[in-house]
Amino acid sequence: MTHAMLKGSNVPLEAMAVRAVLRWTPGADVPDVDASALLLAADGRVRSDEDFVFYNQPRHPSGLVRRLPKKRVGDGLTDTIEADLGALDPSVDRVLVTASSDGATFGAVRDLRVLLYDAGPAGAEPLAVFDVKAETGEETAIICGELYRRGETWKFRAVGQGYPTGLVGLATEYGISVDEDGEEGADSGSSGGARLPAPDPARTHGQAAPAPAPSVSVSQPLPPAVPTAAQPQTQPYVPPLPAASPPSYGYPHPAPPQHPPAHQPSYGYPQPASEQPGYGYPQPAAAAQAVDPDFALPPMGPQFIRQ
């Protein structure tokens, strides 16, 4: 008989070896879902890093809790956690069955449910079914259910508690100390939890992990830019003119001439050809040629007429 469970309800188990199967409907806009398990002690925390069973560590060292390969069943996909509860060490008080989404939140996952089977006979009906609903739609990890001790027997409880911090946030909640650099810190022995590499986003889906972006050092200054031939050059530097020496006492300082002045000849010396000759000097040939041929002197007085 299959028990249809509501959130918070529980059912006793007669089988001591069970399979918790996560099932959902895939699609183009639906993220992939991964099943994982946390083995907790009575204080609600893991005993060591080996108590975390997930896609990068699919088998517990005892071999009693393991993650099975994903399968396609009809229109759905399944991911399974199998546990031999009767053979577990008495220090294990609970086994959490969890789910994490890859690339989007559980608000985009359709028809997510957990089906609990007896691991013995094949083809048997599920012992319990719980439809897992995202409460806010922002969850990236969900505790679907838990297997827990009650004296000499075990029970299964439908939980449905979500976390917006993904598988890493859920694991740290229960004592897993995740080192995202994949290296143990100096205080790993005193942290009280297990330290293991962060989950690989590429996982085991045949995708290569993205190469890290090259780091850029900002500790050293950049070299000055070197002008190339294509770059415009600045104007050459022109030194300023030397300051003029101060004039002698009592004499004004003349302004520097723009053009040298023409030389003025002394009195009695012939004028240069380019200047107008003084009165009484003969005109140059060029000037004589320019005289009007019809020009006539006025009549002279009688004292100048020849007798």
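This report describes the fold of one protein chain, moving from the whole chain to a sheet, a helix and a group of aromatic rings.

**The chain as a whole**

The model is a predicted one, and its protein chain contains two helices and 14 strands. Of the 307 residues in the chain, 32% are buried, while the chain as a whole exposes about 20900 Å², of which carbon and sulfur atoms supply 56%. When the contacts with a separation of 6 or more are considered, 63% of them involve residues that are 24 or more positions apart.

**The six-stranded sheet**

Strands of a sheet pair through backbone hydrogen bonds, and this pairing may be either parallel or antiparallel. In this model, six strands form an open sheet with antiparallel pairing, and their order across the sheet is β2-β12-β11-β8-β4-β5. Which strands stand at the edges? They are β2 (10-13) and β5 (52-53), and because each has a single partner strand, one side of each is left without a neighbour in the sheet.

Strand β11, which covers residues 141-150, pairs with strand β8, residues 94-102, in the antiparallel sense over seven bridges. β11 also pairs with β12 in the antiparallel sense, here over nine bridges. These last two strands form a hairpin with two residues between them, and in the turn Gly151 has a positive phi of about 70°. Strand β11 is also mostly covered, since nine of its ten residues are buried.

The table lists residues of the sheet that stand opposite one another.

| Residue | Opposite residue | Strand of the opposite residue |
|---|---|---|
| Leu96 | Glu146 | β11 |
| Val97 | Gly145 | β11 |
| Arg149 | Trp154 | β12 |

**The helix across the sheet**

Helix α1 lies across β4 (32-40), β5, β8, β11 and β12 (153-163), and the helix runs at about 30° to β11. Which residues of this helix, spanning residues 166-173, are buried? The buried residues are Gly166, Leu167, Gly169, Leu170 and Ala171. Just after α1 comes Gly175, which takes a positive phi of about 100°.

**Aromatic rings and a charge over a ring**

A pair of aromatic rings is described by two values, namely the distance of the centres and the angle of the planes. A search of the whole structure finds two aromatic pairs. Phe52 and Phe54 form a stacked pair, with 4.4 Å from centre to centre and 10° between the planes. Phe54 also pairs with Tyr55, but this arrangement is edge-to-face, with 5.3 Å from centre to centre and 65° between the planes. Through these ring pairs, Phe52, Phe54 and Tyr55 are linked into a cluster.

Why does Phe52 count as buried? A residue is called buried when its relative accessible area is under 20%, and Phe52 therefore counts as buried at 2% relative accessibility. Phe54 is likewise buried, with a relative accessible area of 2%, and Tyr55, its edge-to-face partner, is buried as well.

Another ring takes part in an arrangement with a charged side chain: the charged end of Arg157 sits over the ring of Tyr148, at 4.3 Å from the centre of that ring.

Methods. Residues numbered from 1 in each chain as written. Predicted model: local features only at pLDDT ≥ 70, side-chain atom pairs only at ≥ 80, totals over all residues. Heavy atoms only, no water. Helix = DSSP H or I, 4+ residues; strand = E, 2+ residues; numbered from the N terminus. Buried < 20%, exposed > 50% of the residue type's maximum accessible area, 1.4 Å probe, protein only. Contact = heavy atoms within 4.5 Å. Areas by Shrake-Rupley, 256 points an atom, 1.4 Å probe, with all protein chains shown as cover. Phe/Tyr/Trp six-rings, centres within 6.5 Å; stacked < 30°, edge-to-face > 60°. Lys NZ or Arg CZ within 6 Å of the ring centre and 35° of its normal. Pairing = 2+ DSSP bridges. Axes fitted to C-alpha atoms, helices over the stretch in contact; angles between N-to-C directions.
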